Amino acid sequence: MSDVLFAPFQYEFMQRAFVAALVVGTLCSTIGTYVVLRKLSFIGDGIAHASFAGIVIAYLRGVDFYLGAAVVAVLTAIGIGFVNRRGNVSLDTAIGVLFTGAFALGVFLMSRLPTYNVDLQGFLFGDILAVSRTDIVVIVVLSCFVFIVLALLYRPLLYTSFDPVVAQASGVPAAFVSYVLLVLLALTIVVSLEAVGIVLVAALLVTPAATAYQLTSRFRPMLALSVAIGAACSVAGLYLSYYLHAASGATIVLLVTAVFFIAMLVRRRRNRPA
Amino acid sequence: MERGQAVGIVGPNGSGKSTLLKAIAGLVAPSAGSIDVFGKAPRALRPGTIAYVPQVEAVDWNFPANVYDVVAMGRFPRMHPLAPFSKHDRDVVVAALGALRMGDLRDRQISQLSGGQQQRTFVARAIAQEPELLLLDEPTTGVDAATEDALLELIRDLVAKGLPVVMTTHDLDRAAEWFDRLMVVDRRVLAFGDPATVLESGAYAGIREHVHTHGHARLDAAGYDAARRDA
């Protein structure tokens, strides 16, 4: 048994992969709780796709990909917040147009590269086994930043997630809080790209929180369970992918999806109204 | 307006009662002029100063929270971001629940509340905030008669303790006896002052007759001017 548990750790790249999986799983499922309650999942998916343009542009200009992805992701997040508040265009339409457009720009630029680029392709589905020592530092530092801001804004975030209008009337800066959350969401997505990739990051944002939502009835237990599911599934999924010789990002997402459906069945059996 | 006063805003549907209340709460900018609350713009006030109870609560009732959680949110604007709930905070929340007779329902999931209970939960949250100005948008809409009486009595108590209250209502008959000051609006202020005086004036009579006979339709121009002259 211990062989099965520890075998993967003989490789240094696997050690790094486990750290990355644990941190990214925890981070995504924490912010994912707000994503689910504030119904931002489509925005999360959109930001992830748009950031691909940033990655390709960063590659073309020889800049670090984190920088390119972060700039584009944060700008898109702020732009979305703006459209959302103004409300002239329907939000899902704006996201549908802008983000597929930005994603197409990334693919377009990549396809014009002289050689087919495996590195860039990797960002679509993530490659957690390729996480470098530098990546780990970036992931951990950015994650700490996101966690600290989330902790500082715990109450305003909770209040505005439930009732933004009344919160604002009582003096909570609702608009500011929602912009900060979008920026944190953008940073979370950038941190997760290497590990799970653009296409699958939305699942890691939404599924653990949606699972916890079904099994709990108050905010704090929901947050705690979401984090537990996200972290556990990320690590377990990485183990599975190691032994099944499968893509790790996809294995992790399949695992949380399976847990989601189990939770749905459990809830149905308990027949709990909520 | 003065401390310990209840100001009523009456007017037909679509007359801007709710919008006026939102402007006082700092949720919408006035299209002309400015609003001062305690000598400042509403948004510049210390957090927790204004408590607002909207007419229709467009919240997600499946939000993972029970009654206590929601009422406790009323404390948030008053608290340091990282300070834990103090004994005072908890006492205030429990007292607010008690005042609205929601003590027995404190652990009830909010998705399980009736319309009247939802409304009481939100009034309790507003009271738990210990505001310096309470704004209520037709708080008695959709609640049963017993709840309505209890709610109005409670608000009257708060007023007696010195809390200024501004409340919109469509209940013109009750408005006359209930408020210290009455404002009649229909896109502009038609009358403002002592309820008895406003009651005597054409502004009140015109709108009452109008509401009773025409439902939601607007006063015609002649009625407007007549009402305005009388006011």
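This report describes one helix, the nonpolar core and the contact between chains A and B in a predicted model.

Residues are numbered from 1 along each chain as its sequence is written, and chains are lettered from A in the order in which they are written. Because the model is predicted, local features need pLDDT of at least 70, side-chain atom pairs count only at pLDDT 80 or more, and totals for chains, interfaces and linings use all residues.

Helix α4 of chain A covers residues 65-86; helices are DSSP runs of H or I with at least four residues, numbered from the N terminus. At 1.5 Å times one less than the number of residues, its 22 residues should span 32 Å, which agrees with the 31 Å between its end C-alpha atoms. Its buried residues (20 or more other C-beta atoms within 10 Å of their own, placed from the backbone) include F65(A), A73(A) and I80(A), and the buried residues of α4(A) pack against α3, α5, α7 and α10 of chain A.

The largest nonpolar core (buried Ala, Val, Leu, Ile, Met, Phe, Trp, Tyr and Cys residues joined through C-beta atoms within 7 Å) has 143 residues, and A73(A), L185(A) and L135(B) have the most contacts inside it. Its largest share, 14 residues, comes from α10(A).

The contact between the chains, in which paired C-beta atoms, placed from the backbone, lie within 7 Å, draws on both chains as follows.

| Chain | Residues in the contact |
|---|---|
| Chain A | 20 residues |
| Chain B | 27 residues |

On the side of chain A that touches chain B, α9(A) gives the most, with 4 residues.

Terms used: Helix = DSSP H or I, 4+ residues; strand = E, 2+ residues; numbered from the N terminus. Buried ≥ 20, exposed ≤ 12 C-beta atoms within 10 Å, placed from the backbone. Contact = placed C-beta atoms within 7 Å.
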